Amino acid sequence: MQLTPEEQAMLRGDKGAAVQEAIQFQIEVGSFFEAKRFVPITHAHVMGDIEVMGDGGLEHLRSMDEKHAKCSVPTSSNAQCMHFHEDARFHQDEQEQTKEREILSRYKTMRIASTDSCIPYQQVYQPKLGEHVAWGDTGTVIYANSVLGARTNFEAGKASFAAAITGRTPEYGFHLDEKRAGSLLVDLQARMEDFADWGALGKIVGHPHQDYFAVPVFDGFHRMPSSDELKHLGASLASYGSMAMFHMVGVTPEAQTRDTAFQGHKPQESMIVTDADIQAIYDGYRYKDAAANIVVFSGPQLSLFEMQSLAELFEGRKVATGMAAVVTTNHMVYSDAKRLGYVDTLEKAGVTIMQGVCFYILQRLSKIREENGWTNLISNSGKLVNTITAHRFNTVLRRTRDCVEIACTGRLA
């Protein structure tokens, strides 16, 4: 890799042992991906909860902190795996709680803002068109690349911390113009009336095209989707297809026309998605007989407007016996939702609200499922019903209003 004088100084150790170690690792990553140089970044978003990083990752964090590592650019943190609550249904190991608190403490000394958010693009930082960042969560990355036109790869774990410390990242993948060209044309003819429809779309497109560098281009949809709708689409594409970018003609900034989205090339493949295709996804899920089930609104965390809508749907109702209902959001959204009365409405209905976490990375989740006897997990999140199957839930994707109805009646419809 071609290093600038400043980067050569980092490599020599002139800026401290932590910076030297970080850029050494980044050079290895860059060389692997045949990057020619580094690009400066303006923001980093790190992943570092104990469930994801494990003891090895914690040791690395301790080492960097003890070498006086400091983030050189504004840096936020992804969702954590612990809510630090007293709800007996979600009991977490005390030893692991101690480790999680240590992680948050070391964040502070390293100048990492503990936002505990998997939706930083909605509350924390919105990079501009062409801006290079280093983000470490798949859902955040695909949103940044696609909806905002910023540039980032999946910078998970050690890579995201290294980028935060050095203020740069290797220039490969989606930092390059040519990797951002569309490859797959999707003629979107479905009406898309619920967040779950967008998750189903992500499954339809992502599951048969599992390729990090595949970039679907959606055309034919004649309405401006909301931020939350695009959030659910991106998270689902990243989950089912490991995709890091999509275009939507007339909507996303690098797709003013179909031709610009494909950078003048022809699509490698084309497909059509109709209402019948979306319905077929819902019809493909089957319930299992069970005495206890759970409805979860998570993956990604909920925005303020999602909290508002759910409060309206749960107003005056109660979660049924044998059912549990959970919502996850970040601290900023929770604070406003509390002030606006949404939290009180949801909690009065029996909904559990978790702050700063995403449900599928909760610590000891498989044991939590067993202890509560939960069999079916119903959600309006396409991403969640895919990723959480590792914890042996039988998952069912349903539209938002249907999820609320199931939670309040106990009838699996």
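Select T400 to begin: this residue is buried, with a relative accessible area of 10%, where buried means under 20% relative accessible area, exposed means over 50%, and partly exposed covers the range in between, for a 1.4 Å probe and protein chains only. T400 belongs to helix α17 (residues 400-409); helices (H or I, at least four residues) and strands (E, at least two) are DSSP runs, numbered from the N terminus. Leaving aside neighbours within four places in sequence, T400 is in contact with D194, F195, F297, L310, L313 and N380, and contact means heavy atoms within 4.5 Å.

Before going on, keep in mind that this is a predicted model, in which local features need pLDDT of at least 70 and side-chain atom pairs count only at pLDDT 80 or more, while totals for chains, interfaces and linings use all residues. Residues are numbered from 1 along each chain as its sequence is written, and side-chain values use heavy atoms, with hydrogens and water left out.

Next, select helix α12 (residues 304-314), where E306, M307, L310, A311, L313 and F314 are buried. These residues lie on the same side of α12, because they cover an arc of only 165 degrees around the axis, the arc being that of the directions from the helix axis to the C-beta atoms. An α-helix has 3.6 residues a turn, so residues three or four places apart point the same way. On the face of α12 turned away from the buried side, look for the exposed residues F305 and E312. Just after α12 comes G316, which takes a positive phi of about 75 degrees.

Now colour M307 and F314 together with L201 and F359, since these four are the residues with the most contacts inside the largest nonpolar core, which has 97 residues. A nonpolar core is a set of buried Ala, Val, Leu, Ile, Met, Phe, Trp, Tyr and Cys residues joined through side-chain atoms within 4.5 Å. Apart from this core lies another, of 31 residues, among them V19, C71, M82 and M110.

Stay with L201 and show helix α8 (residues 195-206) with helix α9 (residues 227-241), which pack at an angle of about 30 degrees with their axes 7 Å apart. Axes are lines fitted to C-alpha atoms, for helices over the stretch in contact, and angles run from 0 to 180 degrees between N-to-C directions. The two helices α8 and α9 are therefore roughly parallel to each other, given that angles under 35 degrees count as roughly parallel, over 145 as roughly antiparallel, 65 to 115 as roughly perpendicular and the rest as oblique. Residues of α8 that meet α9 include F195, W198 and L201, and their partners in α9 include H232, L233 and L237.

From there, move to F218 in strand β7 (residues 216-219), which counts as buried at 1% relative accessibility. Leaving aside neighbours within four places in sequence, F218 is in contact with several residues, including L201, L233 and V249. The C-alpha atoms of F218 and V249 are separated by 6.3 Å, although the two residues are 31 residues apart along the chain.

Finally, select helix α1 (residues 5-12) and helix α2 (residues 17-32), which pack at an angle of about 115 degrees with their axes 7 Å apart, and which are therefore roughly perpendicular to each other. Their contact is made by E7, M10, L11 and R12 of α1 and V19, Q20, I23, Q24 and I27 of α2.
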